[in-house]
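Visitor: I would like a close look at a single part of this assembly, namely one interface between two chains. Please describe it in full.

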Amino acid sequence: MERNELVALMRLMRIEPENNEEIETLLQEMRAISAMAEELPQAEEAISQDNLCGMQLREDIHVACEIPQEVLLSNAPAVVDDCFAVPKTISQGGEC
Amino acid sequence: MMKYEAVIGLEIHAELNTQTKLFCSCRNEFGAAPNTNICPICLGLPGTLPILNAAVAERAVKMGYALGCTINRISRMDRKHYFYPDLPKAYQISQGAVPICENGVFRFYSNGKTSSVRIARIHMEEDAGKLLHDAAHPGSLVDDNRCGVPLIEIVTQPDLRSCEEAHACLESMRILLLHLGISDCRMQEGSIRCDVNVSLRKYGEEKYGNRCELKNVNSFSAAVRGIAYEIRRQTEILSAGGQILQETRRWDDAAGISILMRSKEDAEDYRFFPEPDLLPVVLDEKWMQVQKQSLPELPFEKMTRYIKEFGLSADDAFLLVQQPERCRFFDQCTETHLCTPVSASRWMLGEVAKFTNETGIAMTDTFVTPKKLCEMIAYVERGEISHSAGKRVLSEMFKEDKEPLEIIEALGLRQISDHGALCKIAKDVLKKNPDSVRDYHAGKTRVLGYLVGQCMKASRGTANPAVLNTVLTAMLGEGDCDETTV
Amino acid sequence: MLYRYSAAELSRMLQRREISAEELMRSIQERMGSHENIIGAYLSVNENALAQAKEIDTRRAKGETLHPLAGIPIAVKDNICTRELPTTCASQMLSKYRSPFDATVVERICRAGMIITGKTNLDEFAMGSSTETSCFKRTHNPWNLQRVPGGSSGGSAAALSAGETILALGSDTGGSVRQPASFCGVVGLLPTYGRVSRHGLVAFASSLDQIGPMARSVEDCAMLFSVISGGDARDATCVRIPPMEYTFHTNVRGMTIGVPEEYFGEGTDPYVAESVKKALALLEAQGAKLTSISLPASRNAVSAYYVLSSAEASSNLGRYSGVRFGYRSENERDLTAMYSCTRSEGFGEEVRRRILLGAYVLSAGCREQFYQRAQTARNQIRAELEETFHRCDLIAMPTAPQCAGYFGENAKHPVARYRADLCTVTANLAGLPAISVPCGTTPDGLPVGLQLMGRAFDEAALFTAAHAYECAVGRFPMPEEVAE
């Protein structure tokens, strides 16, 4: 892995390094992990056939959430008009 | 003449009309006060886990069968990652490598002709929240009511070749969703949205050109404008010797332009991987058979049948299937065998539609049942009442729960086709209008219309216009009429 | 001195009304008062514990039929959601977070009448094996205060060992219940994946995480397990089978125990290997059959584990962005700055490292090379163990190759440290149950853990063998005096 790849990765994950040293350490670790992964077997593309008993699905019945709205919003750093407040976004929506 | 052919593919996102959200028991409802349909699961609070709603899988499978897809008995939910404030968990639970339905074909009518587009896949996914921009607040506000609302995404192959065809495809897809009863398809509520891919290639070429993906297309008409704009933009670039780059562009409908969002190099890396909080979705074979067999007759098949079996025009057939309830009503009309299907459709698309549009009352909420409507039409078809009398009868039928015959009798609308009776009326009218008779004989035959009108008036609209015409012409020609003739 | 007793003993005393829940809780609280400042096991303490104990006494006095564990104090790892107490995951990111709901396991222990003493320290978001990555405090090993308690459930293990609780809950993603249990000389179980609901467990790596019971005896551990296990409609991966009902017996006659030699050789402390071998010999003497086995596919367990757990962690921790809950940076210049500053300031170094590592192994160019291959390795490990369990009832090995280390020892070589998880990660990757039972001490006076792994949903076999061993040697002691 190259330094610029790591920086791009950090941007992608919205994480900034504390200092240059941290980047260097991280780089070393990423490379160590890459080396570790070298030992892994070649990938076989197959969904694991375990758990194929399948998943029990939920019935489409409304159940009111017993937690009041103010409690659900109470952990938010900023609430305006019952909405979560964030710095201005550019577009209307993210992705679909 | 344009030397480039447009190659268009669609990704249609339809919100499903389930009671509850995809992964929690919160109400799936539009228009509630901000953050009132929320719970720890759709807020993505630490420690919460998704539980898949059975009704979503059912609706997706229905759509799959309707589009002739292969249904994957085992499919998988995956996580698609990106950061945006409207996405609580910073990933959307969707389906990647193994969607619930694949490889179908959608047939529809475009411009009176049959078109088709291959369906690459249908998958289930959750919707994101909504960002509100309030002038009173400097930032943006997030309302999570829509978080976790179930969507199916229908992805077509790039088989469409024009704006019109793409529009017909979208419109027909909407109608199909309505007929299956799986989505309300309320455009203004954003419950059906699409992304479009547009590329150009020279006529005769096999290979596709680089495509541009258009996001933020909020209505079908916006899709048409966006596609038209892209075709123009790309044609200009190619004609000037330029190259089209693979990019994602944002459609700004108000400005009528598309704006570069990101190029291929900056393509978002969604880091898909299987959702570990959910097991694979495994469908029961018997259940799948039941779903397949319970599929209703689809709009395309209906239209084809209406055209072939009943002789309806493609336009009328299309108008009928546009609304499932109208379509059901029409089907019931044809089952009465009281009148011809063509008359039934004409009346439904004419007077009945006028009434329901003006009043906003659904057809099924009126006193007019298919049987009553067809009885009334039968009177017109047999010439027992005039067409205009039919309209009057119908408007009375909307007001009161009465049989057509009752209304006809009460209003005295039964049409006079009796030769003798009409001769009598004509005789009176001619007697009162000697000037017109003279004019007629002097060659001004267009006074006939005036005389017919006078006769109609004298009969309070009950005279059969066709018979009346014959009678009048005969009398004016021979100068008299035999009242005893039948 | 009530804090020294086992839950089973205390349960009998409470039912016979020889003691009251209030007295018991007071004893625990006194112990916390005298030892917490040197151990540092708890991040928050339940202020209502005494009142809740009194309530149990009142109910008992009224003649209500109570659960056998009603009135027993229990410590809860601070990555398990509780409404009444904070849930911080030992992270700045959740330092002020209050969950609006209780985890399923918390509901179940409270319904049984157990009383939460407090929330215990852990490695930040359970990422670590020494409890040193906690952003709040250091937890000391009661056997030697200069040494780590293990992790990530280090707080729960230390609290048990120091007598600051009777029972505890931990969570195990790659050994986080078993390894600290072994370091602190207590019993810890990793249940079969899907046996205990994860609803309310703050996710680290969803396909590996399981909540596990911890106690000072095998019997206590089994009693707690039967309270928390069982299906839950709020966790799709939780198997809908009833909770384990376990009747104690110690008959290991005819049981075949597979012993993979590779876990006893190079890299394993000889004293550890010896203690474990001795324990196995004791089981053999009681009629169990030991058979030498080899697990070649499991060599890849650590690499596969770090790739998969980091991938899932990077995904699970995306939600900490300062919008709906948790820490938000003061830098709100724009959305990107708010996200980046919030996540960089709110997460500690180890967590940041795993997030980046996870994003790396899932990124477009690397998925095949890392994620897919790790998944393949995982499938091979599963298959290998499944095959092995045709021949064996249990597999035995050390819980950890070394005993508790000194503080700061591993920080410099995180990747090398990951290697130490070799013995524990296999069970998580295969989704199989495993238990760690103390089996002696090294000459330094540090506890050693015997690990037994079993077939899926056969926790009963683990308890039987572990109980047989414990009965034969006597219950492992608490450290005589907690001192430097």
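Guide: The pLDDT is the predictor's confidence in each residue, from 0 to 100. Chain B averages a pLDDT of 92, and 98% of the residues score at least 70. Over residues 482-486 of chain B the pLDDT falls below 50, and this stretch has seven contacts (heavy atoms within 4.5 Å) beyond near neighbours in sequence. This is a predicted model, in which local features need pLDDT of at least 70 and side-chain atom pairs count only at pLDDT 80 or more, while totals for chains, interfaces and linings use all residues. Residues are numbered from 1 along each chain as its sequence is written, chains are lettered from A in the order in which they are written, and side-chain values use heavy atoms, with hydrogens and water left out.

At the interface, 37 residues of chain A are in contact with 63 residues of chain B. The buried area (accessible area, 1.4 Å probe, that two parts lose on being put together, summed over both) is about 4,200 Å². Carbon and sulfur atoms give 60% of that area. On the side of chain B, Ser25(B), Phe83(B) and Leu279(B) lose the most area to chain A, together 13% of what that side buries.

Between the two chains, 18 residue pairs are in polar contact, both residues at pLDDT 80 or more. A polar contact is a pair of N or O atoms within 3.5 Å; within protein, one must be able to donate a hydrogen and the other to accept it, and residues adjacent in sequence count only if both atoms are side-chain atoms. Zero salt bridges (a side-chain nitrogen of Lys or Arg within 4 Å of a carboxyl oxygen of Asp or Glu) are found across this interface.
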